[in-house]
Amino acid sequence: MNKMTGSAMGEDTRGAIQEGIRNSAARMLESGEIDVFIGYEDGTLPLRTTPVFITRPEDAERLVWGPMCENNLTCYLPKFQGTVGVVVKGCDVRTLVNLILENQISRDKVKIVGVPCTGIIDRDRVGKALGTDRIINNAKVIERSLMLEGDGFEVEMEIRDVLASSCEVCRYPVPVVYDVLIGDESMAKDGKDPEAGYLEVEQFAELQPDARFSFFAQEIEGCIQCYACRQACPLCYCLECFADRQSPKWISRWRGLSDKMLFHLGRVLHVAGRCVDCGACRRACPVGIDLRLLTKNMEKVVKDSFEYESGLDIGGLPLLATYRREDPDDFIL
Amino acid sequence: MPSMLQDTGFDARIGVYVCHCGLNIAGVVDVEAVRESARFLEGVVVVRDNRYTCSEVGQKGIADDIKEFMLNRVVIASCSPRLHEKTFRTLLEKSGLNPHLLEMANIREHCSWVHYDNHEAATEKAKGLVHSSVARARLLQPLSRTKGRVVPEVMVVGGGVAGISASLYLGGMGIKTYLVEREPSIGGHMAMLDKTFPTLDCSLCILSPKMVEVAECENIKVLSYSEIEKVEGQVGDFRVQVRRKPRYVNEEKCVGCGDCVAKCPVKVKDDFNRNMGTRKAIYIPFPQAIPPAYVIDDQNCRYLTQGKCKICQAVCERGAIEYDQTSYVETIEVGAIIVATGFQPYDPRGLPQYGYGRFPNVITSLDFERLICADGPTYGKLKRPGDSQVPKRVAFIQCVGSRSVASGCRGYGLDAETGSSVGATDPKAYCSRVCCMITAKQAFMVKEKYPDAEVYVYYIDMRTAGKGFEEFYQRGRHEGIVFLRGKPGEIEERDDGCLRIISEDLDSGCILDLCFDMVVLAQGLTPPDGLVEFAQKMNLSRSEDGFLMEGHPKLRPAETAIDGIYLAGCVQFPKDIPDSVAQAGAAAAAAAVTCSKESIEIDPLGPVIDEALCIGCKLCEMLCPYGAIKVELTDKGPKAKSIEVACKGCGVCGASCSTRAITMKHYTDSQLTAQAKAILEVV
């Protein structure tokens, strides 16, 4: 089975970025600036990459870059003692800023290799466009399109048609903080419509309460309480989640609707003013619940109420640690 | 009693006492029904109702039950715990139980008083409150108190008559007292007054002996020209950072000879004389100032602004001039703080219809004090500012900036829309209490000095409640002062500088059209400049009117909600000199009570931090208003640590902890969820 490899990208811009990442990683490891470099390498299946932890400069060749580099690698950072180099996209670096503000990482212990992001692929969308019964054996990224090969078919699709929903409305594709920036900032703007960001949430808010509730109930009904959304979220790093507490037992695992609802509402409250809409929870959900509808709405509430956008100001304070007299309090009474 | 049993609540033996509070509760709530509904709740062994649970009979009944039924938890359904929690905790302690095994259900303020019109629903709610208290009581745990040290010294903030009086009381008791004053001299507004009502004593003649006494008292240290920067700590053990502004004159060396003033080439407007006269850039606010040392106004001094001059240094024989002084912060430890920062007179430019600031002959009552004062810019001759003529017809207008609900203004110290502090120009809803008597006094003084002058007073109501006040007011009427009921809508200035007032005389119903040479606006009293920020530094609350909130409007008028911080004078609400002095005495007594203790018992209401759950995110540290929780690096990573003596048990850390690693000792999650469940079962 052919995988999509770095060399397959040839001399296009993505290939140049890949080279840049490899060179940076090798250089930083050689100079001893960092103890480990976290990036992506090819996965075992087409359209997949997997996180890789490089400690020797010669292994930097394993690093790849492309629209399937979906994982938010910053979630590994709090686990390392030494200095770490890490590849980040626009959304990843905002979670990194939050981790720094929340005292989980020290800024001087991380070397940030930023890449202006053109968006990542949503494999569900690829599958839907292709037909779910067709198995992909080989995938290639050529400039702005995706070449998919399988038994008896060869299909080309535009990447912009299969972008992850969070990428379509991304406002900060270029990392707001970095030590090294690899690539051209201008290309990151391509194919995105940030204005449409809250369209879905606003349309949903216009429905009658009954309709909203039944939609919510229907979506959440499918939840199997695997908590993959929580595990994937780079900002869900509690040592023991409220959902796992035994005393008091907030959530039961008998999978009743109210427990599932409480878990998801609790989770969205716990990421209020922190979530950066990286889409990790949405990608991780094995039953395809549109968790972004909840988090995006919370992001809008935070923005409208407190003029706060998470993860942009490395010198600022977390939202919940700030108070201004003009903060709205009409929701209390 | 084995503590294991107390801890788990498995063997809770609860006594429930439902109070009638006379008819306060029993008049609305069916007390017997509430009592019976609690009888068979888990863990309850005895239920009773009392006419007055707080009475000696009521208390003895509980003490007897604790012995007879071997109670280990007590639930009292009565009034707010703010009133009697201490009473009943002491009772439990005397009966051999840990005082924190008490739970109170507030069925008076939270129930009978607010639901007086629906007896049945109130009874059901009372049952819910009692059941929830029983549920929480089962899970209560014995807690032990810790002790904090007491620094037997006091800081008084504000050197007006209230601050001076409080300092003298404390100094007289042998308590070391720091008197902090923002201005170069103590004295406050009282030092600016000419005479005081109703006795017409010369204001400085009675104040300056007290000021001298302050300077001479070895227990009082005056920190003039200084401001509070930061307050940390708690009752018994405050650390106050005081910013000392540079005088540029050595207080110890200066003897106040005045040679420097004579030679100083810079003349500026004199703020002590309400900008009506001039002073030099090196000055003393008034001759009786304490400390009796000169000060250089660094905004206007030629040397300090332009680098050339130094004349004062050349003429000062004692070498007291020190241009190189800089501001610095001094940290002072005290056990109690008295706040006596006074008031700010209302600025009538907020009511443009009266023309203050535009018409030179419209002045305020404080301007009048300086004009009539022998030490003022006119040496006591009442000359109107426009042309220095002595006015023949003078009008006073009452309630300028006070009682102004009609003009659409709130009494709030905060602007509801912007949240910013409202300036002194916004009219207030409240009555400033002293302006009627100030005007009665000033009108009398005009008549006294110029018997032929015509004096008119426009008023809404004359409020003369005070010893000798009504008699003084009547005396003014007999002297020929004309009191007209009706507040003028506006003042017009004629070409000759005279002021025309058209108003309705509400007593006769006539429209009056009168002209005056001078109009005095009886300005109200507003919260002092910078009180919003000051209150934030001290964690003090303000009431709707913007002044500082007392501990209880009737029973704790000189205290605040913060233990160890007390109030004196107009910072709490406008009041006259005798009331300010009386409150200063009360505040001094309260502060002395704190200082007389060897140690302070600290309520064990703070957080318990589960290190296994703490992720060290610092949210608690960032939010704690008392600096009572800090994240420290341990071998298991960053972990929060509680600083018990600084903690006030507000619970912000517990509520904000996203990992629920913080539990409030006396309000655990289990206790609160049990309480919530129980109340929902009844409803």
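Where in chain B does Pro291(B) lie? In this predicted model, Pro291(B) is placed in the loop of chain B that runs between β15 (282-283) and β16 (295-296). The peptide bond leading into it from Ile290(B) is cis, with omega near -5°. A second cis bond joins Phe197(B) to Pro198(B), here with omega near -10°. Pro198(B) also sits in a loop, the one between β8 (195-196) and β9 (201-202) of chain B. These bonds merit a look on screen, since most peptide bonds are trans and most residues other than glycine have a negative phi.

The backbone holds some positive phi values as well. Leu47(A) is not a glycine, yet its phi is positive, at about 65°. Its place is the loop between β1 (36-42) and β2 (49-54) of chain A. Leu47(A) is buried, because 22 other C-beta atoms lie within 10 Å and the cut-off for a buried residue is 20 or more. In chain B, Cys21(B) is likewise a non-glycine residue with a positive phi, of about 50°. Cys21(B) belongs to the loop between β1 (14-19) and α2 (31-39) of chain B. Cys21(B) counts as buried too, because it has 23 C-beta neighbours inside 10 Å.

A further positive phi, near 50°, belongs to Glu143(A), found in the hairpin of β5(A) and β6(A). Two residues lie between the strands of this hairpin. The strands themselves, β5 (residues 136-142) and β6 (residues 145-150) of chain A, are antiparallel and pair over six bridges. To find the pairing by eye, one can start from Lys140(A), which stands opposite Met147(A) in β6(A).

Turning to the overall build of chain B, the model shows 19 helices and 34 strands. Along the principal axes, the C-alpha atoms of this chain fill a box of roughly 90 × 70 × 45 Å. Of the 683 residues in chain B, 47% are buried. Among contacts in chain B with a separation of 6 or more, 72% link residues 24 or more positions apart.

One sheet of chain B is worth tracing strand by strand. This open sheet has five strands in the order β20-β27-β21-β22-β23, with parallel pairing. At its edges are β20 (362-364) and β23 (482-485) of chain B, each of which pairs on one side only. On average, neighbouring strands of the sheet are turned by 25° against each other, direction ignored. Within the sheet, β21 (residues 393-400) and β22 (residues 454-459) of chain B run parallel and are joined by five bridges. One residue pair to look for is Ile397(B) with its bridge partner Tyr458(B) in β22(B). Helix α13 (residues 435-449) of chain B packs on this sheet, where it touches β21, β22 and β27 (518-523) of chain B. The direction of the helix makes about 175° with that of β21(B).

The nonpolar interior can be followed next. The largest nonpolar core has 132 residues, of which Ala166(B), Ile338(B) and Ala587(B) touch the most other members. Neighbours within four places in sequence aside, the contacts of Ile338(B) include Val154(B), Val156(B), Val157(B) and Ala166(B). Also in contact with Ile338(B) are Tyr566(B), Ala568(B), Ala587(B), Ala588(B) and Ala591(B). A second core, separate from this one, has 66 residues, among them Phe37(A), Met68(A), Val126(A) and Val174(A).

What does each chain bring to the contact between chain A and chain B? Chain A supplies 18 residues and chain B supplies 20 residues. On the side of chain A that touches chain B, nine residues are nonpolar, four are polar and five are charged. For the complex, the predictor gives an ipTM of 0.82 and a pTM of 0.73.

Finally, a word on confidence along chain B. The mean pLDDT of this chain is 92, and 96% of its residues reach 70 or more. Over residues 1-9 of chain B, however, the pLDDT is below 50, and this stretch has 11 contacts in the model beyond near neighbours in sequence. Residues 407-421 of chain B also have a pLDDT below 50, with 31 contacts beyond near neighbours in sequence. Where pLDDT is low, the predicted coordinates should not be read in detail.

Conventions: Residues are numbered from 1 along each chain as its sequence is written. Chains are lettered from A and ligands numbered from 1 in the order in which they are written. This is a predicted model: local features need pLDDT of at least 70, side-chain atom pairs count only at pLDDT 80 or more; totals for chains, interfaces and linings use all residues. Two residues are in contact if their C-beta atoms, placed from the backbone, lie within 7 Å. Ala, Val, Leu, Ile, Met, Phe, Trp, Tyr, Cys and Pro count as nonpolar, Asp, Glu, Lys and Arg as charged, and the others, Gly among them, as polar. pLDDT is the predictor's confidence in each residue, from 0 to 100. Helices (H or I, at least four residues) and strands (E, at least two) are DSSP runs, numbered from the N terminus. A residue is buried if 20 or more other C-beta atoms lie within 10 Å of its own, exposed if 12 or fewer, and partly exposed in between; C-beta atoms are placed from the backbone. Two strands pair if DSSP finds at least two bridges between them. A nonpolar core is a set of buried Ala, Val, Leu, Ile, Met, Phe, Trp, Tyr and Cys residues joined through C-beta atoms within 7 Å. Axes are lines fitted to C-alpha atoms, for helices over the stretch in contact, and angles run from 0 to 180 degrees between N-to-C directions.
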